[in-house]
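Please look over the sequence and the structure before reading on. The paragraphs below are meant for someone meeting them here without earlier acquaintance.

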There are 2 protein chains.
Amino acid sequence: MGRVTLKSVAEAAGVSVSTVSNAYNRPGQLSAEVRQRVLETARSLGYAGPDPAARSLRSQRAGAIGLLFTERLSYAFSDPYSVGMLAGLSEVAEAHRTGLLLIPLASPDSSTPQDVELDADTMRQAVVDGVVAYCVDADHPARQVALDRGLPMASTIELDDDRQRYVLIDEDGAAKALGRHLRELGHRNVGVVVNSREPAGAATLLSADDEEDLYYDSRLRLRGLRQALGPQAQVTAVSAGHNSQEAGRTAARFLLDRPDRPTAIACTSDVLALGVLDAVKARGLAPGRDVSVSGFDDIPAARAADLTSVRQPIAEKGRLLGRMLLDPQFTQRKVVLDTELVVRSSTGPAPH
Amino acid sequence: MGRVTLKSVAEAAGVSVSTVSNAYNRPGQLSAEVRQRVLETARSLGYAGPDPAARSLRSQRAGAIGLLFTERLSYAFSDPYSVGMLAGLSEVAEAHRTGLLLIPLASPDSSTPQDVELDADTMRQAVVDGVVAYCVDADHPARQVALDRGLPMASTIELDDDRQRYVLIDEDGAAKALGRHLRELGHRNVGVVVNSREPAGAATLLSADDEEDLYYDSRLRLRGLRQALGPQAQVTAVSAGHNSQEAGRTAARFLLDRPDRPTAIACTSDVLALGVLDAVKARGLAPGRDVSVSGFDDIPAARAADLTSVRQPIAEKGRLLGRMLLDPQFTQRKVVLDTELVVRSSTGPAPH
DNA sequence: GAGAGGTTCTGTATCGTTCTACTAGAACGT
DNA sequence: ACGTTCTAGTAGAACGATACAGAACCTCTC
């Protein structure tokens with residue numbers, strides 16, 4: 001004897017399969033007493049309700065949306081910024097009674113072809129009605145698979161493709177506001193610490209090629225900063241790998257050791273900036289006086305550390321991504337969110 | 001014309017459906033050249049690979065495990081403790097190339113019957129091979145549904161049910177170690193701040209009944225503390241709602257205003273303790289000298305705040321939960337993890 | 001009392017796979 | 001030449017539900 005199915009319940013209750021199905025899905029279509037009897041026999045047989053896989057197949061709905069991350073999944077939970085987005089997204093999913101399927105990608109990016117093929121496979125496996133691609137490159141194979149499957153997609157990068165919708169932060173405006181702030185404070189020699197795709201390691205100066213290969217947002221932020229600081233400013237871009245405090249510390253030490261020490265260090269994320277603050281203090285320098293330090297994202301820890309940063313409506317970003325997939329009323333293809341420069345004591349006038 | 005399926009690819013390539021299926025799933029079963037041709041026609045037709053819903057139905061595997069949270073899903077991302085568990089769990093899921101489906105529960109606990117029914121429904125919907133029930137009460141309806149569906153389950157609470165496996169932290173031992181620490185420091189009047197199921201609000205003294213109704217871990221921690229502090233100590237248990245800094249602040253103000261102010265305030269979580277620290281400092285009192293404060297969990301922020309806490313191998317907890325569902329080699333039904341008391345400057349000798 | 005309209009319930013095709021059993025033919029050993 | 005084994009591929013029955021069309025029956029209406 002196999003497991004309990006609609007059919008066995010129908011037989012036991014003396015009704016047709018359709019009726020049992022309706023008892024679960026369309027209570028209005030049958031009399032209260034029959035429904036009652038059906039549900040009772042179901043319970044007595046230990047039937048746990050219609051099998052979701054079968055239902056998915058037949059009704060062509062999955063009842064879940066997928067979340068695609070470029071970074072390893074575990075990273076998603078350790079970065080406060082992603083966590084904020086997840087909170088917003090899950091809020092919407094919750095409201096629509098829709099599951100959220102985290103789709104693990106093996107390959108960060110430039111991995112072996114096998115890894116890439118595995119990623120594509122993983123995306124093929126996912127039982128979802130739509131996909132949020134969070135910081136996933138435009139040409140990532142998993143993204144292509146999702147599109148081939150005809151899944152609606154909402155991303156965080158600008159794309160010239162009618163099938164894809166996206167939510168952006170005004171990275172450029174944010175970076176420029178921060179750049180202007182630093183310029184007005186008199187900083188003409190600015191170090192910029194970015195997070196790169198490399199795992200971790202020694203701090204390195206970024207070549208023009210390296211800059212091209214940065215993450216979408218890091219690239220925009222660096223560019224905006226450059227523009228706002230103006231051609232007469234000296235900008236030194238440095239990376240020490242992934243987004244982490246450790247990378248920030250390493251990069252900061254590198255910058256502080258240079259013969260012409262920058263008077264300000266701008267970071268493309270708060271996590272990096274917290275590391276920079278560490279290193280600055282370890283040298284006995286006062287942030288905001290001897291060296292100005294700024295971050296990006298305004299995560300909770302930034303406020304605690306009195307770090308100048310750029311606040312982004314990150315939870316709102318998650319909510320909008322969710323609505324793009326779940327709320328039929330919501331039809332905008334592109335949304336750009338405003339940011340706000342939050343000046344705290346970690347930035348101050350450039351010392352002479 | 002409908003969408004592209006195995007069948008249409010088979011027709012176009014002039015082979016049988018089984019062969020196309022094999023081309024994707026069992027490369028060894030057919031000649032390289034036929035496989036090549038099949039995959040090419042598939043690509044040219046825009047076929048994105050076997051439909052996962054159909055595959056799930058037929059093969060009775062979902063390729064994903066579910067995560068059941070009692071708290072609202074968005075809470076999961078704002079609590080550093082859950083985040084740590086998620087990181088561990090997702091690490092294992094990733095390694096097994098398995099998705100992680102977050103299952104949103106509408107009702108925290110004692111909600112309307114409709115809500116409860118909705119929760120059960122949500123659990124019925126989930127296409128998963130197993131379920132991690134994280135801090136979900138033993139009698140929660142969603143848990144029952146999962147069991148009825150015959151899904152393997154791994155929880156964080158002790159259960160007397162052969163079908164369920166669990167990972168525990170030695171809450172009792174941890175609480176006792178902390179209690180001993182406080183007693184040795186001379187504290188005889190201790191306030192305990194717990195997180196309750198109530199949303200938020202004013203601080204209230206806990207009745208014996210209230211204590212029974214606390215979350216599993218809060219209950220154990222409170223009990224262990226009481227035991228270790230001994231019968232001669234006065235223990236005042238207070239709650240101000242959910243696990244949040246705000247609740248900690250509220251509860252602390254309440255305790256500090258009492259005629260016989262406690263010399264130590266122990267909290268059942270670090271998040272609460274951070275709020276307590278805030279309130280203590282706001283009163284101009286020095287933590288560790290005027291009032292000792294301790295937390296639980298040892299989240300990263302606890303170290304930064306120099307808070308005495310109990311370290312729990314939280315990521316390991318997540319990993320074990322994952323392995324219980326995914327790793328066939330792993331057969332233990334019950335695992336109890338050790339903890340470590342981390343003494344920092346927020347606790348000190350009781351003032352006379 | 002015939003037709004219209006509304007409930008309530010039924011029968012069956014269908015969703016897109018994978019699985020099991022089978023076959024035709026090649027290869028092999030004796 | 002004969003039986004056996006192996007390879008590459010096929011046919012058709014599941015998997016467990018939902019959608020859709022229609023049947024049976026009851027209630028009005030004129």
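What follows turns to the surroundings of one DNA strand and then to a single residue.

This is a predicted model, in which local features need pLDDT of at least 70, side-chain atom pairs count only at pLDDT 80 or more, and totals for chains, interfaces and linings use all residues. Residues are numbered from 1 along each chain as its sequence is written, chains are lettered from A and ligands numbered from 1 in the order in which they are written, and side-chain values use heavy atoms, with hydrogens and water left out.

DNA strand D is surrounded by 26 residues (a residue is near a strand if one of its heavy atoms lies within 4 Å of it), and the closest include Leu6(A) and Thr19(B). Of the strand D atoms within 4 Å of the protein, 66% belong to sugar or phosphate, while the rest belong to bases. The side chain of Arg26(A) has an N or O atom 2.8 Å from a phosphate oxygen of DNA strand D, and a polar side-chain atom of Gln60(B) lies 3.2 Å from a phosphate oxygen of that strand. With Ser18(B), by contrast, an N or O atom of the side chain is 3.1 Å from a base nitrogen of DNA strand D.

Elsewhere in chain A, Gln164(A) is found in strand S5, residues 164-169 (strands are DSSP runs of E, at least two residues, numbered from the N terminus). Gln164(A) counts as buried because its relative accessibility is 3%, where buried means under 20% relative accessible area with a 1.4 Å probe and protein chains only.

Notes
A polar contact is a pair of N or O atoms within 3.5 Å; within protein, one must be able to donate a hydrogen and the other to accept it, and residues adjacent in sequence count only if both atoms are side-chain atoms. Helices (H or I, at least four residues) and strands (E, at least two) are DSSP runs, numbered from the N terminus. Buried means under 20% relative accessible area, exposed over 50%, partly exposed in between (1.4 Å probe, protein chains only).
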